[in-house]
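This report walks through selected local features of one model. Please keep the sequence and the coordinates at hand.

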Amino acid sequence: MATRPERRPASPPSGADITGPQVRPVPRVGKVWRDRAQWVVRGVGPPTVPIGLPGHDDEVTQRHARMVIDLALRIGEAMLSTGASAADVVTNVLRVMTSYDIRQAHIDITFTSIEVSINRGVDEDPLTVMRVVSVRSPDYSRLQRVQDLVSRIVEPDGLEDRMLVQEARQELGKVLAQPHPYRRWVVTAGFALLAAAVTALFGAQPGMWLVAAISATVVDRVTRALARFGVAAFFNQAIGAAIPTTIAVLLSWAMDQGINVAGVQSPSLVVISGIIVLLAGLTVVGAAEDALDGYYVTAGARGLEVLILTAGIATGISVVLAIAGAFEVPMEVVPTVRVDGSAVTNTFAAVLVGIGFAMSTYTGFRGIVVAAAAAGTGWVAYELMALLGFGNAMTVGVAAAVVGAFGYAAHRTFRVPELAITTAGIVSLLPGLAVYRALFWMMEDSAGLVSTAMVEGFRAVSIALGLAAGVSIGGFAARHAFGLDRAAVRARRRARGSFS
């Protein structure tokens, strides 16, 4: 049987298109690998940080928006006035506004003002309101009450409905109108205890404790009276620094005349205690915290304030010493003093420093007890790090991190103001001695000592940055360990511009 020949497809006519499965195009090898490389690195989701995307609160009425903005501004102003950091203020203001269904608010904070703005779409006018912060004085009991009110607004109890805006405004008015937990003379006693504990930290005798306490009492009463008369802060600081320096000059003159004051050996400690008392009221750590949180305008303003007020301290000390030299009164501020004594004694002195600072900032009784524990814990951490031989900045940074974690844990457990606890815990670590040494060498008329003064000044700055960084890192770790509510997490991300 003959085999049937295989039929071959007819060739297409010349010029005709080739379609169907007859021919498959072969892609170029380079294009294939370029496509694969682009697929590997090409993003598949939306931008991590949305920029310029439309967002507004169309359904928010003007009356509701104005009431919420007024409430949020008053809360922010109260927190700034009582000593809160810019990051904490922005976080709490955003939490309050989000709880009242305003999710597109923008907060702008400077050193003396807070501004809130919302976009209500293309059909409604935007709203922008600003309040000026005219008073800045640490008042941690009032700050804690404001934060408690924010928690009640954002996280109502299970049996309660969400607090109405008008009701929240009335509650805020009651909180701000409440009296202090104790009288003003208790604050003065706190400053006196702070100064006496600082001298004890440097190994002074009980007679020196009394002198430092009397000096701090006079400084507090005089500076308060000057503030009422409207004296500028620079001159107020200068006069405040001149008072302990004058006392030190008189003690030095008495010792030169053969008059021995019981327990008084180094008049320089009066000056050091006065510097630390004046530095405790400044925002050294607060300025560094704002810078680390990204609020550079506020940090720059606070840093300039610290610089000017520290210059006031230097002016007051140098003027008194110049007058003493003109009258040939022997006075030598010895820069070789250092922290002395056993670890147990120093820890007890640090605890007293924390108690004194807490009393001077109107912290409640429960907060004072917790602040004492924080101060002792921070100093123990400082002693342990010092035994390992680390530098000053590293040592105080780790100690401050311990204090920062302790402060937030105490805030969540005992409902005490976190800022009061952390600040009281690090007052004994403030660079008062470095500032004192820098001022001493700067007042000496010698070119070689200027470089020494600059080294001490940089050391003071590094200690302040280490304290701020430690407190921030410790608080951050504690927040993640304890866990925050979702509203607080979102608010902190929006406040600090972090990635989501």
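Where is the place of Ile-308? Ile-308 sits in helix 11, which covers residues 296-326. The model is a predicted one. Is Ile-308 buried or exposed? Neither label fits: its relative accessibility is 40%, so Ile-308 counts as partly exposed. The cut-offs are under 20% for buried and over 50% for exposed. In sequence, Ile-308 and Ala-233 are 75 residues apart. In space, their C-alpha atoms are 8.8 Å apart.

**Two helices**

Helix 2 runs over residues 62-81. Its 20 residues should span 28 Å at 1.5 Å a residue, and the end C-alpha atoms are 28 Å apart, so expectation and model agree. Helix 2 is mostly covered, with 14 of its 20 residues buried. Just after helix 2 comes Gly-83, with a positive phi of about 110°.

Helix 7 (206-228) has 23 residues. From first C-alpha to last it reaches 34 Å, close to the expected 33 Å. Helix 7 is also followed by a glycine with positive phi: Gly-230, near 85°.

| Helix | Residues in helix | C-alpha span, end to end | Expected span |
|---|---|---|---|
| Helix 2 | 20 residues | 28 Å | 28 Å |
| Helix 7 | 23 residues | 34 Å | 33 Å |

What do the buried residues of helix 7 pack against? Their partners are helix 6 (184-201), helix 8 and helix 9. Among these buried residues are Gly-207, Met-208, Val-211, Asp-220, Thr-223 and Leu-226. Ala-212, Ser-215, Ala-216 and Val-219 are also buried in helix 7, and these four residues appear again in the lining of the largest cavity.

**The largest cavity**

How many cavities of 30 Å³ or more does a search of the whole structure find? It finds two. The largest has a volume of about 50 Å³. Helix 7, helix 8 (233-256) and helix 9 (268-280) each give at least two residues to its lining. Helix 9 supplies the largest share, five residues. The lining includes Val-270, Ser-273, Gly-274, Val-277 and Leu-278. Gly-240 and Pro-244 line the largest cavity too, as does Ala-195. By class, the lining has eight nonpolar and four polar residues. No charged residue takes part.

**Aromatic pairs**

A search of the whole structure finds four aromatic pairs. One of them joins Tyr-140 and Phe-357. Their ring centres are 6.4 Å apart, with 45° between the planes, and the pair is tilted. This pair links distant parts of the chain. Tyr-140 belongs to helix 4 (residues 140-154) and Phe-357 to helix 12 (residues 343-360), 217 residues apart. Why does Tyr-140 count as buried? Its relative accessible area is 4%, and the cut-off is under 20%. Phe-357 is buried as well, at 3%.

A further pair is formed by Trp-379 and Tyr-382. The centres of these rings lie 4.8 Å apart and their planes are at 40°, so this pair is tilted too. An angle from 30 to 60 degrees falls between stacked and edge-to-face. Trp-379 and Tyr-382 are three residues apart in helix 13 (residues 365-387), so about one helical turn separates them. Both Trp-379 and Tyr-382 are buried.

Methods. Residues numbered from 1 in each chain as written. Predicted model: local features only at pLDDT ≥ 70, side-chain atom pairs only at ≥ 80, totals over all residues. Heavy atoms only, no water. Helix = DSSP H or I, 4+ residues; strand = E, 2+ residues; numbered from the N terminus. Expected span 1.5 Å × (residues − 1). Buried < 20%, exposed > 50% of the residue type's maximum accessible area, 1.4 Å probe, protein only. 1 Å grid on protein atoms, 1.4 Å probe; cavity = no way out; pocket = protein on both sides within 12 Å on 5 of 7 lines; lining within 4 Å. Points joined across faces, edges and corners; volume = space filled by probe spheres on them. Nonpolar A, V, L, I, M, F, W, Y, C, P; charged D, E, K, R; others polar. Contact = heavy atoms within 4.5 Å. Phe/Tyr/Trp six-rings, centres within 6.5 Å; stacked < 30°, edge-to-face > 60°.
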